[in-house]
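Got a fold open in the viewer and want to poke at it a bit? Let's go through it by question and answer.

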Amino acid sequence: MWLNYGLSLQEPLSSPYSVGDIVSLSDPQGVPSGISIEITSIDVQRLFWIDTDDAIREGVQTVDEFIELWGTIYGPRNEFAWNNNPWVFVYGFYVYTGEQS
């Protein structure tokens, strides 16, 4: 999962999460999804470093599709735009659903 938290080289690169944290997910309106993730790894890297395997893990088939997805989320003209190649956190995680006990 690639998330951008407005990282810059002038700021300390510190994730808002730690390995072992369990995070409850919600939809864009804030409604709980019933899904939680446990953070299993954290990395910091440049957005351009994504490869095909990463893109597939993000739910698309190619890097070009990931670039398009990124653009729909962050837009073409801001500090998080693809062409700015921002620093991002890359999280590994395990998914828990409300159906598990």
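Q: Which residues make up the largest nonpolar core?
A: Keep in mind that this is a predicted model. Its largest nonpolar core has nine residues in all. Going along the chain, they are Leu47, Ile50, Ala55, Val60, Phe66, Trp70, Trp82, Val88 and Val90.

Q: Which elements give two or more residues to this core?
A: One is a helix, covering 63–74, and the other is a strand, covering 87–97. By name, they are helix H2 and strand E4.

Q: How many residues are in the other core, the one that lies apart?
A: Among its members are Val23, Ile37, Ile39 and Phe89. In general, nonpolar side chains in soluble globular proteins tend to be buried together. For this other core, the count is five residues.

Q: What pattern does the protein chain follow when read along the sequence?
A: The secondary structure comes to two helices and four strands. Reading along the sequence puts them in the order β-β-β-α-α-β.

Q: What share of the contacts with a separation of 6 or more comes from residues 24 or more positions apart?
A: The protein chain has 101 residues, and 29% of them count as buried. Among its contacts with a separation of 6 or more, residues 24 or more positions apart account for 63%.

Q: Which two side chains meet in a salt bridge?
A: The structure holds one salt bridge, with 2.6 Å from N to O. Both partners lie in helix H1 (residues 52–57), three residues apart, about one turn of the helix. They are Asp54 and Arg57.

Q: Asp54 and Arg57: which is buried and which is exposed?
A: Buried means under 20% relative accessible area, and exposed means over 50%. Asp54 has 12% relative accessibility, so it falls under the first cut-off. Arg57 is at 62%, so it passes the second. That makes Asp54 buried and Arg57 exposed.

Q: Where do Phe48 and Trp82, which form an aromatic pair, lie in the chain?
A: A search of the whole structure finds nine aromatic pairs. In this one the rings are 5.1 Å centre to centre with 35° between the planes, which is tilted. The pair links distant parts of the chain, with its residues 34 apart. Phe48 is in the loop between strand E3 (32–46) and H1, and Trp82 is in the loop between H2 and E4.

Q: Which of Phe48 and Trp82 is buried, and which is partly exposed?
A: Under 20% counts as buried, over 50% as exposed, and partly exposed is in between. Phe48 sits at 40% relative accessibility, so it lands in the middle class. Trp82 is at 16%, so it goes below the lower cut-off. So Phe48 is partly exposed and Trp82 is buried.

Q: What is the centre to centre value for the tilted pair of Trp70 and Tyr74?
A: Trp70 and Tyr74 both lie in helix H2, four residues apart, about one turn of the helix. Trp70 counts as buried because its relative accessibility is 3%. The planes are 35° apart, and the centre to centre value is 4.3 Å.

Q: Which residues form one aromatic cluster?
A: Trp70 and Tyr74 are a pair, and so are Phe48 and Trp82. All four belong to one cluster, along with Phe66 and Phe80. The full set is Phe48, Phe66, Trp70, Tyr74, Phe80 and Trp82.

Methods:
Residues are numbered from 1 along each chain as its sequence is written. This is a predicted model: local features need pLDDT of at least 70, side-chain atom pairs count only at pLDDT 80 or more; totals for chains, interfaces and linings use all residues. Side-chain values use heavy atoms; hydrogens and water are left out. A nonpolar core is a set of buried Ala, Val, Leu, Ile, Met, Phe, Trp, Tyr and Cys residues joined through side-chain atoms within 4.5 Å. Buried means under 20% relative accessible area, exposed over 50%, partly exposed in between (1.4 Å probe, protein chains only). A salt bridge is a side-chain nitrogen of Lys or Arg within 4 Å of a carboxyl oxygen of Asp or Glu. Contact means heavy atoms within 4.5 Å. Rings of Phe, Tyr and Trp (its six-membered ring) pair if their centres lie within 6.5 Å; planes under 30 degrees apart count as stacked, over 60 as edge-to-face and the rest as tilted.
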